[in-house]
Amino acid sequence: MLSTSFRLLFASISVATAVRGWYPGQDAPGLRRDTAPPGQATAYTFDLNTGFNVQEKTSSEDAPEVEYTLDNGSPYPHPYEYERIGSDGPLLLQDTHLLELFGAFDRERIPERVVHARGAGAHGYFEVTNAEFCKNYTMMDMLSENGLRTPITIRFSTVGGESGSPDEARDPRGFAVKFRTRKGILDLVMNNTPVFFIRDPAKFPHFIHTQKRHPSSHLRDKDMFWDYLGSNPESLYQVMRLFSDLGTPYGFRHMHGWTGHTYRWVKQDGTWTYVKLYAETMQGIQNFTNAEATAIAGSNPDFATQDLYEAIQNGTYPGWTMYAQVLSPEAAQTFKYNVLDLTKDWGFDDVPPVEIGKFYLTQNPTNYFAEIEQAAFSPSNMVDGWAPSADPVLQARLFSYPDTHRYRLGVNHKQIPVNAPVTPVANFERDGRMNVNGNQGSRPNYLSTLSKIQLPPRLYTDEAHQQWTGGAVASLSAVNEIDFDWPRRFWNGLSEQDQQNLISNVIGHLGAAPTYSVRQRMASLFYHANSTLGQAIADGVGVKVVNLTFPDGPTWFNVTKTPVGSTLNY
């Protein structure tokens, strides 16, 4: 409780300060009022990109040209030094150099990709060779002129292995291409195979889990691996490709690439056609046998990465010829395979390929992390004239790929130099972590009528060309007899030696699955595709085949059907 005399003193001071405008500490340093005459200060601005530009320039300089500093640019006498009390005392918290050093080191690793974690890549260019053909089907600017070169970055990868796994493991290979076109970034997320294991997108996480590690043992599990494949027979063609010698290519340079998915080429008038792209290696197909791949994985787990890097370093630039297969919507309706089915190939005898261009890799990365590990590829990066089909797996990837990049690299990952478009970006997306390129300046961050952003013309509409009928259905594909057509075509196209290698490779892997029913079911599927193949595998893994039957019918239904197993009709 304040005394009466103190309350009177406080009240008198309050009145005085209110009248005279005085307060305690008004002349303290940092609080002094500006009494300088107007006009003495001169206009001054600073380019906030200066630091970024300096660091970018410094990154290209050799060690003898630069001086050791802290992260803030302050010179520091020696990187090995640290502060402590005397000769045997504890470290000092004020040693910001040591704190900074470990703070950065502890955060060097970003999350690795859930799939395609192990990879290598390089830069080069794509050159158009058949613009006349392309212009018949698409308005794509990058395909509009013969001789037009577009800068590209390619990342090759295995699918299931971790970042440090051998790059010669038996696995499909990712073949992702980033085109820096005059109309924006176009990404093709291809593989070295024309098909994949799934056509229902919800199966993808399940499939990938079975190709990785068991939740209990943290080991790769043969039962888990083959249980999934045997319970989803639509995967059989991809399984056969994987366990042939195509599953262990000789590095990354000696393999083809396919888009796998069906896309659409669109013209200026909105008419469109279905299209798949295929990249044929100029180095020729070359594969390891299982024994060779196993030996290489043990002696040099970086074989494919080293082979690519050294070829480019030596001036032996690898190249591929790009082909297009086109199919009209009308022809697609009567085509022997559902064009939206990722487990079905378009054979060259079914849909002839036409050359449209060539591409080469001519430049190794200066810094692998900056240029390859941070490279973000997504089928959602499209340009005018290139559009998705209704392939359900592709539709899911349109979300999944950019979403995983936002998690792994951040919401502003397209500001990273390797991902940045070479055309201006102007929209209303702002802020977020690691926004480093000006955050689109002082322009309005909404659709303003006071400072109007230019709106490009709409080039075409899909409303007259893509129409669907039907209600919302719970969809799951059905296994039919047509799903064994490509396994039979593939088997019949192999040489006798390649057939024997396929049988041997499957027996060596499937035979290690402990559960009899898992081995039997898989061998029976092989038998349904070809009796010679299936019986040889069954004998090799010690099971008796069971005769299977499958109906003829559509891949997907226009009504909801309740599944009994993991797929319909099975």
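Start with Phe-156. It stands opposite Phe-175 in β3. Keep in mind that this is a predicted model. So what joins these strands? There are 7 bridges between β2 and β3, and the two run antiparallel.

Now the other neighbour. Strand β1 covers residues 119-128, and 9 bridges join it to β2. That pair is antiparallel too. One position to look at is Phe-126. Its bridge partner in β2 is Thr-150.

How many of the residues in β2 are buried? The strand spans residues 149-158, and 8 of its 10 residues are buried. Mostly covered, then.

Follow β3 to its end. The strand runs over 173-181, and β4 takes up 184-191. Arg-182 lies in the loop between them. Is Arg-182 buried, exposed or partly exposed? Its relative accessible area is 44%. Buried would need under 20%, and exposed over 50%. Arg-182 therefore counts as partly exposed.

What does Arg-182 touch? Leaving out residues up to four places away in sequence, the list is Asp-141, Ser-144, Glu-145, Leu-148 and Thr-423. Two of these deserve a second look. The side chain of Arg-182 makes a polar contact with the side chain of Asp-141, at 2.8 Å. With the side chain of Glu-145, the polar contact is 2.9 Å.

One distance for orientation. Take Arg-182 and Leu-236. In sequence they are 54 residues apart. In space, C-alpha to C-alpha, they are 41 Å apart.

Next, Thr-567. Where is it? Look in the segment after α16, the helix at 531-541. Thr-567 has 1% relative accessibility. The cut-off for buried is under 20%, so Thr-567 counts as buried at 1%. And its contacts? Again, residues up to four places away in sequence are not counted. Thr-567 touches Lys-203, Ser-231, Asn-232, Pro-233 and Glu-234. It also touches Leu-476, Ser-477 and Val-479.

Last stop, the surface. Which residues make the nonpolar patch of about 450 Å²? They are Tyr-44, Phe-46 and Leu-48. Tyr-44 sits in the loop between α1, residues 4-20, and α2, residues 50-59. Its relative accessibility is 70%. Exposed means over 50%, so Tyr-44 counts as exposed.

To recap, three residues to find on the screen. Thr-567 is buried. Arg-182 is partly exposed. Tyr-44 is exposed.

Terms used: Residues numbered from 1 in each chain as written. Predicted model: local features only at pLDDT ≥ 70, side-chain atom pairs only at ≥ 80, totals over all residues. Heavy atoms only, no water. Helix = DSSP H or I, 4+ residues; strand = E, 2+ residues; numbered from the N terminus. Buried < 20%, exposed > 50% of the residue type's maximum accessible area, 1.4 Å probe, protein only. Contact = heavy atoms within 4.5 Å. Polar contact = N/O pair within 3.5 Å; in protein donor to acceptor, adjacent residues only side chain to side chain. Pairing = 2+ DSSP bridges. Patch = residues over 30% accessible without salt bridge, like charges linked within 9 Å, V, L, I, M, F, W, Y side chains within 5 Å. Areas by Shrake-Rupley, 256 points an atom, 1.4 Å probe, with all protein chains shown as cover. Salt bridge = Lys/Arg side-chain N within 4 Å of Asp/Glu carboxyl O.
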